[in-house]
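Trainee: Please take one part of this model and look at it closely, and then connect it with what surrounds it. I would like the cut-off behind each term as you go.

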Amino acid sequence: LDLKNDDLRKLADLGQGNGGSVVKVEHVPTGTLMAKKIVMIDAKSSVRKQILRELQIMHECHSEYIISCFGSFLAEPNICICMEFMDKGSFDSIYKKIGAIDINVVCLVAHSVLEGLTYLYDVHRIIHRDIKPSNILLNSEGEIKLCDFGVSGELINSIAKTFVGTSIYMSPERIQGAEYSVKSDIWSLGITLIELATGQFPFCDVEDDDNLSDLEEERGSDSDDPSDLKNKTPTHRDSTFAFNKRNKNKRLSKRASKGMAFDADGMSSMSIIELMHQIVREPAPRLGPQFSEEEEEFVDACLMKDPDERHSPKTLLEYRWMDDARDSTFDLRRWTTTF
Ligand code: ATP
Ligand code: MG
């Protein structure tokens, strides 16, 4: 497909991230719906061409667990990447809309992500590098797919020059400067699973008076039981700051909720550094007592702090919980019609 901007009709904005924005478009000549990611890159033309060459690998990714790519092109000063459109969006927008995700769905998410990571690594030697709820997409066929994987080293470099690539899903060893490995993706998967299953990001800020009072407000007068929080639809802020019984004393700036958070504000940067310290120093977060042994065992295995002890995607696929995913009779397609 020879893609060019003139053939693409914009239908809607899908969202904005740190690296660019995504719009829903129709490829008019063929009537195909696509998600067009627009990445602003401040780089020499030779570097842009290199990035385009590297993005070609995306065309060679054929897996039911990976977003397919229609093509990419330069539209100065941007690079546009046209992907398969996923009509139910990403899991971060889903849980922010409906609250904690059914554990049966979370189980299928874990399975799809592991299959996707295994495919990327075994077939293309690619490490994803950015596993998080906004990069896991769903469609109304009930398919779960990964997007935004690190195919292009040059693209990663260019974005890293513009944004400090600090993600709140980053593994302890990455924070301490180790190279990315497939094990770092597994840590990010563990954090993602807790976030989806509980409806809240697992590190939170209960020391901060300001946030504590927000919390009191949100609990309201109808109940004093903090576990009631999980039955309420979380707001964006909730998702990062809600009460977490297992992880008191956690601090995290409100600004961190967007994922990459170093900005001009000294205070918030400070809190992100504190969060990073905490990820390195404190015990890893856990799923919580309301979940089954199988579920906890799996998430604990993803969140081993020492990458040498942490399992690879292949070994994790052998866990009991992943047998449940393969044998699952949960109707994901029907579930997508409920929100
Ligand atoms: P970050 O830049 O920190 O990685 P992000 O993943 O939210 O954050 P983008 O990758 O730019 O940022 O994506 C923005 C939003 O666009 C996502 O949250 C997702 O909901 C939506 N989106 C991305 N790709 C698709 C797609 N193929 N189909 C449907 N929606 C998509
Ligand atoms: Mg993304």
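**From a loop proline to the core**

Mentor: Pro77 sits in the loop between β4 (69-75) and β5 (78-84), where helices (H or I, at least four residues) and strands (E, at least two) are DSSP runs numbered from the N terminus. This is a predicted model, in which local features need pLDDT of at least 70 and side-chain atom pairs count only at pLDDT 80 or more, while totals for chains, interfaces and linings use all residues. Residues are numbered from 1 along each chain as its sequence is written, chains are lettered from A, and ligands are numbered from 1 in the order in which they are written.

The peptide bond between Glu76 and Pro77 is cis, with omega about 0°. Most peptide bonds are trans, and most residues other than glycine have a negative phi. Two further loop residues belong in the second part of that comparison: Arg125 has a positive phi near 55°, and Asp148 has one near 60°. Their surroundings can be set side by side, taking a residue as buried if 20 or more other C-beta atoms, placed from the backbone, lie within 10 Å of its own, as exposed if 12 or fewer do, and as partly exposed in between. Arg125, in the loop between α3 and β6, is exposed because 9 other C-beta atoms lie within 10 Å. Asp148, in the loop between β7 (144-146) and α4 (153-162), is buried because 22 other C-beta atoms lie within 10 Å.

The strand that follows Pro77 leads to the ligand, since β5, together with β1 (8-16) and β2 (20-27), supplies at least two residues of the shell around ligand 1 from each strand. A residue belongs to this shell if its C-beta atom, placed from the backbone, lies within 6 Å of the molecule. On that basis 26 residues surround ligand 1, and the closest are Gly15, Gly17, Ala35, Ser90 and Ser134. With Ala, Val, Leu, Ile, Met, Phe, Trp, Tyr, Cys and Pro counted as nonpolar, Asp, Glu, Lys and Arg as charged, and the others, Gly among them, as polar, the shell divides into 10 nonpolar, 13 polar and 3 charged residues.

Strand β3 (residues 32-40) contains Lys37, a position at which an unreviewed UniProt entry places the feature "binding site"; such annotations may be inferred rather than shown by experiment, and their positions are given in the numbering used here. Lys37 is buried because it has 23 C-beta neighbours inside 10 Å. Two residues are in contact if their C-beta atoms, placed from the backbone, lie within 7 Å, and beyond four places in sequence Lys37 touches Gly20, Val22, Cys80, Ile81 and Met83.

Upstream of Pro77, β4 is preceded by a loop that begins after α1 (45-55) and holds Ile66. Ile66 is buried, with 24 other C-beta atoms within 10 Å, and, apart from neighbours within four places in sequence, is in contact with Cys61, Gly116, Tyr119, Leu120, Lys145 and Leu146. The C-alpha atoms of Ile66 and Glu115 are 9.2 Å apart, although 49 residues separate them along the chain.

The nonpolar core comes next. Nonpolar side chains tend to be buried together in soluble globular proteins. A nonpolar core here is a set of buried Ala, Val, Leu, Ile, Met, Phe, Trp, Tyr and Cys residues joined through C-beta atoms within 7 Å. The largest one has 73 residues, of which Val106, Val109, Ala110, Val113, Leu193 and Cys302 touch the most other members. Helix α3 (residues 103-124) gives the largest share of this core, 10 residues. Val113 is in contact with Ile131, Ile136, Leu146 and Leu189, neighbours within four places in sequence aside.

Helix α2 (residues 91-98) has Phe91, Asp92, Ile94 and Tyr95 buried. Because these buried residues fall within an arc of 160° when seen down the helix axis, they line one face of α2, the arc being that of the directions from the axis to the C-beta atoms. They pack against α3, β6 (136-138) and α6. Gly99, which follows α2, has a positive phi near 90°.

As a frame for these parts, the protein has 13 helices and 7 strands, and 40% of its 339 residues are buried.
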